[in-house]
Structures are given as C-alpha cells and as structure tokens.
Amino acid sequence: MKLFDVYPLYDITPVRGKDVFVYDENNTSYLDLYGGHAVISIGHSHPRYVSGISGQLQRLGFYSNAIQNPLQAELAQKLGALSGCDDYELFLCNSGAEANENALKLASFQTGKARVIAFKNAFHGRTSAAVAATDNKNIVAPLNAQHRVTFLEMGDTTSLESELQKGDVCAVIAEFIQGVGGLDEAPAGFYEKTDKLCKQYDSLFIADEIQCGYGRTGDFFAFQKYNITPDIISMAKGMGNGFPVAGILIHPSIKARHGMLGTTFGGNHLACAAAIAVLDVLKEENLMQNVTEISAYFTEKAKSIPQIKQIKGRGLMLGLEFDFKVGELRKKLIHDKHIFTGGSSNKKLLRILPPLTVKKEHIDTFFDALKTILPS
Ligand SMILES: Cc1ncc(COP(=O)(O)O)c(C=O)c1O
C-alpha cells in the first residue's frame, strides 16, 4: 500500500534522537533547531521521559475515561502549579486541532452563539471549526466552510468591537505569537482590549497556546506577558514532547456537564505519563529560565548579521527575516550543515523552534554555519 502523498519530504531519515540532535541511519547527526515543529520541549529521548513512558507501559498503557485515572489528577495538579493557572480546569485530548475544536465548541455551548472571530494569517488546525478559523483557503473544504468565521486584522479594535456588538460571536480565538503565519504579534494593548471586549459582549476569549505555550517563550504561556484572563487556553505540541497529548484549560466560570465533551484516547495513561515527565523536567531543569537566556544570546548574535533584516518572535519561538526567500537556505542548512530549521507562510522567514534544552554552543554552531552560506 502506498502512503497518501500529502507531505513534501526532505530526503532524510532520522532513526534516533538525543537532546537537541537527531541521527539518521548512517549515524549522521543533525542539530534540531526545528523541534519537529515546536514539539520537542525537553529534548529528544530525555531519560526521565523514556523511563516515565516505558514504566507506565509496563504497568498499564491505556484505559478509557470511564474509570478513575489518578495520573490525570497528578498532571492537572503539576500543570496548574507550573503554569500559574491552577484555578482553571483541565480537559485532555490528543492534538492541537482537537484542543481548538473543543475550545470553540465549548464557547458555543457556553454562550449559545455560533460565529467565531479569528485573525488574518491565523493557523488553528485542520478539524472542522479549527480549520474554518484558519486563514488559508487551500485547506478549508466546503464542509468546513459552513462555519461562520470572520477574519480581522490583528490590532483592529474598531472592527473587533463592531463585530462583537452584533451579539452572535461565541469566541475570539488568537495565537499570541502567530506560528505558521510568520511570528507576528498584535500591537501593544490589543490583547487587553480584546479580553475586555469579549467580557463586555459575552464572547469567550480563546488563547491558542498550542505552539507558543508550554514554556516556549520563557513564560509558561505567551499570553502571560499581558494582563488578561482568557476563558479557554488550548495546548498541545510541547506538552508531550512528541507523545500525542493535548488539552484545554477552562476558566471556572464555565461549568461542566456530563457528556459535554469527550474522547476515547484523550488523557490515557501513557499520554499522562509523557506529559507528567515533561512538566517534571521543565521544572527541575529550569528550562523556562534557559529559554530566556538562550533567546537573548541568539538575538544578540543575530543582530550582528547584516543579511538578517528583522528578528521576530519571543523566547525560543523565533524568526529571522531576510530580503530573499529562504527555501534554498534551509536546504543548504539541512544538507550541507546538518541543521534543521523551519519555514512559514512568510517565505522570507527562517523559523527557529529548538528543544528548550538548547545551549549557547548549539547557537554558535548555527550562526557559524549560517555565515558560511549566506549570500554576501
Ligand atoms: C497555533 C497552532 N494551533 C493549532 C495547531 C494544530 O495542531 P495539530 O497539528 O496538533 O492539530 C498548530 C499546529 O501547527 C498550531 O501551530
């Protein structure tokens, strides 16, 4: 059987990984400054992660959400403590899109409304409502297009208020740093204003922290730079360091009822073991502190390279903007210099999303390599 050919692939076959490196079948090492699309948070095959998951597998890999699962309670307790969001409640699922789908559904249940406001260039995933709230017509099928979504410019408070005033908006969903869209953030004051307007017009504010959250900016969540209280926070990627686990944090003003949300696999024993190991390592290895230090080091080095026109993003969710398309540069980095980096819908932007364990020496390796291949 052939695979359904939806991904353009690099001709590289990683077979193992350790911390910030992956190795192919010939044992060639690649420096991973892409983290499998911002997924690898505590490093590839971290010993604590491996023992957490494999130990759990030997005891019990899976049971459904029909029984008590103390691992979910442990995960919720540790997540609340490390994120500072311990007054929120946790619903667990399996992927980023599923987290946003549940967030949007919950907002609709809670408000009794159905229209969504999202922002230009947003990416929220590929399930039905999530993809409808994604600003990319190429990935929205006619079935998904039936959702009612209005896209606004980030920063346009006037349009936001006039849309909310219509009274039919269940949710405003935002990435606090756009990932796929190219690392843009809204201008100062916009998120605070959005938070206020949502509360005023009975719409829920959903923080999509799937890519920018879980320590990646140096704060646990990227929205925590602002003085706001999102109603729902969606999480995935770094949460499981590669194990498919995701979730939403739900403000206590939203009341649960049995059957409102549900999933077969979400919050299973193995997923919880993976997510608990991630939180333990984030905390014990002070990785958010590391993010802040390495980010400052990276940014200083980037400033000394004249071909870099702009440095975007925060923490270890960074973008280097050039005045040329970076496709060839990425190919050279991967094939000649053995360094993984990312792209975005802004073709001139090189995306840097390393494991949060990355060190100064790896940043040096990257810039040394970059300098030798940049056009002068
Ligand atoms: C901000 C954001 N939201 C949602 C998603 C969807 O996550 P998933 O691919 O796990 O469904 C992504 C994935 O890149 C993302 O970056």
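These questions and answers go through a predicted model, from its overall build to single residues.

Me: What makes the protein chain agree with a compact globule of 376 residues?
Reply: The radius of gyration. A compact globule with 376 residues would have one near 21 Å, and the protein chain has 20 Å, so the two agree. Along the principal axes, the C-alpha trace spans about 55 × 55 × 45 Å. The chain carries 11 helices and 14 strands.

Me: What share of the protein chain is called buried?
Reply: Buried residues are 48% of the 376. The word applies when 20 or more other C-beta atoms lie within 10 Å of a residue's own.

Me: How do you know what share of contacts joins residues at least 24 apart?
Reply: Take the contacts between residues at least 6 apart in sequence. Of these, 74% join residues at least 24 apart. A contact here needs C-beta atoms within 7 Å.

Me: Why is Ala38 called buried or exposed?
Reply: The cut-off for buried is 20 or more other C-beta atoms within 10 Å. Ala38 has 25, so Ala38 is buried. Ala38 sits in helix α1 (residues 35-38). Its phi is positive, about 65°, although Ala38 is not a glycine.

Me: And what makes His338 buried, exposed or partly exposed?
Reply: Buried takes 20 or more, exposed 12 or fewer, and partly exposed lies in between. His338 has 17 other C-beta atoms within 10 Å, so His338 is partly exposed. Its place is the loop between α10 (327-335) and β13 (339-340). His338 is not a glycine either, yet its phi is positive, near 60°.

Me: Which residues have the most contacts inside the largest nonpolar core?
Reply: They are Ala133, Ala171, Ile206, Ile232, Ala274, Ala275 and Val278, in a core of 109 residues. Helix α8 (residues 269-284) gives the largest share of this core, 12 residues.

Me: How do you know where this core lies relative to domain 1 and domain 2?
Reply: Look at who contributes. Domain 1 (14-44 + 285-373) and domain 2 (47-284) both give residues to the core, so the core lies between them.

Me: Which residues is Ile206 in contact with, leaving aside neighbours within four places in sequence?
Reply: Ile206 is in contact with Ala103, Ala107, Ala171, Val172, Ile173, Pro230, Asp231, Ile232 and Ser234.

Me: How far apart are the C-alpha centres of domain 1 and domain 2, and what makes up their contact?
Reply: The C-alpha centres lie 25 Å apart. The contact takes 24 residues from domain 1 and 25 from domain 2. On the domain 1 side, α1, α9 (287-303), β11 (310-314) and β12 (317-321) each supply at least two residues. The largest share of that side, 5 residues, comes from α9. By class, the side of domain 1 that touches domain 2 has 11 nonpolar, 10 polar and 3 charged residues.

Me: What makes a residue part of the shell around the ligand, and which come nearest?
Reply: The C-beta atom must lie within 6 Å of the ligand. There are 15 residues around the ligand, and Gly96, Ala97, Gly125, Ile210 and Gln211 come nearest. Helix α4 (residues 96-111) supplies the largest share of the shell, 3 residues.

Me: How do the residues of this shell divide by class?
Reply: The shell has 5 nonpolar, 8 polar and 2 charged residues. Gly counts as polar in this scheme.

Terms used:
Residues are numbered from 1 along each chain as its sequence is written. This is a predicted model: local features need pLDDT of at least 70, side-chain atom pairs count only at pLDDT 80 or more; totals for chains, interfaces and linings use all residues. Helices (H or I, at least four residues) and strands (E, at least two) are DSSP runs, numbered from the N terminus. The radius of gyration is taken over C-alpha atoms; the globule rule is 2.2 Å times the number of residues to the power 0.38. Two residues are in contact if their C-beta atoms, placed from the backbone, lie within 7 Å. A nonpolar core is a set of buried Ala, Val, Leu, Ile, Met, Phe, Trp, Tyr and Cys residues joined through C-beta atoms within 7 Å. Domain bounds come from an automatic or database domain assignment.
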